[in-house]
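Colleague: I would be grateful for a close look at the largest pocket of this model. Which residues line the largest pocket, and what is the state of the cysteines?

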Amino acid sequence: PAWLRRLCGQLLSERLLRPNGVQAVVRGIMEGTGGGAGAEAAAVDWRKCDAVAKILASCPQQCLSLEGYYKLVCPQVLDLLHIQDKLTSHQFQRVATRTLLTMAKEHPQLAEEHLLQPLLAPLLRCSEA
């Protein structure tokens, strides 16, 4: 029903905007994937990663501004690249890269400011020296 879809969307959005909310949402959605073997399991895993990336790249209605959403979520997306758990690190990296690509396509200026510049900052510092 529509009311359930709205409520789930609202709860998901509220969780995303909290500290470590992105990681919690990704863990919740991706839990149970990646355990299978073969091409079919890999395809399911990629489809889930793409779906999660689309969720993360979409600004919820509760946010006052798109830039405010990017300020809250993008650092958390970059944190997904540093997950140490070997079982989930590949999935988290896939979600992070797909989210980065989706955000860069949809809102290039915001993605550059909140994702690409922080991601490339260490490389830029090294190249300046």
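Modeller: The following account begins with the pocket, turns to the cysteines and ends with the aromatic residues. Please note that the model is predicted.

The largest pocket has a volume of about 230 Å³. Its lining is made up of Arg6, Gly9, Gln10, Leu12, Ser13, Leu16, Ile55, Ser58, Cys59, Pro60, Gln61 and Gln62. Helix 1, which spans residues 2-16, supplies the largest share of this lining, with six residues. Sorted by class, the lining of the largest pocket holds six polar residues, five nonpolar residues and one charged residue.

Cys59, one of the lining residues, leads to the matter of disulfides. The count of disulfides in the model comes to zero. For Cys59, the closest cysteine sulfur belongs to Cys63; the two sulfur atoms are 4.3 Å apart, and this is too far for a bond, because a disulfide requires a pair of cysteine sulfur atoms within 2.5 Å. Cys59 is partly exposed, its relative accessible area being 30%. Cys49, by contrast, has a relative accessible area of 0% and is therefore buried.

The aromatic residues complete the picture. A pair of aromatic rings is described by the distance of the centres and the angle of the planes. One aromatic pair is present in the structure. Tyr69 and Tyr70 form this pair in an edge-to-face arrangement, with 6.4 Å from centre to centre and 70° between the planes. Both Tyr69 and Tyr70 are buried.

Conventions:
Residues numbered from 1 in each chain as written. Predicted model: local features only at pLDDT ≥ 70, side-chain atom pairs only at ≥ 80, totals over all residues. Heavy atoms only, no water. Phe/Tyr/Trp six-rings, centres within 6.5 Å; stacked < 30°, edge-to-face > 60°. Buried < 20%, exposed > 50% of the residue type's maximum accessible area, 1.4 Å probe, protein only. 1 Å grid on protein atoms, 1.4 Å probe; cavity = no way out; pocket = protein on both sides within 12 Å on 5 of 7 lines; lining within 4 Å. Points joined across faces, edges and corners; volume = space filled by probe spheres on them. Helix = DSSP H or I, 4+ residues; strand = E, 2+ residues; numbered from the N terminus. Nonpolar A, V, L, I, M, F, W, Y, C, P; charged D, E, K, R; others polar.
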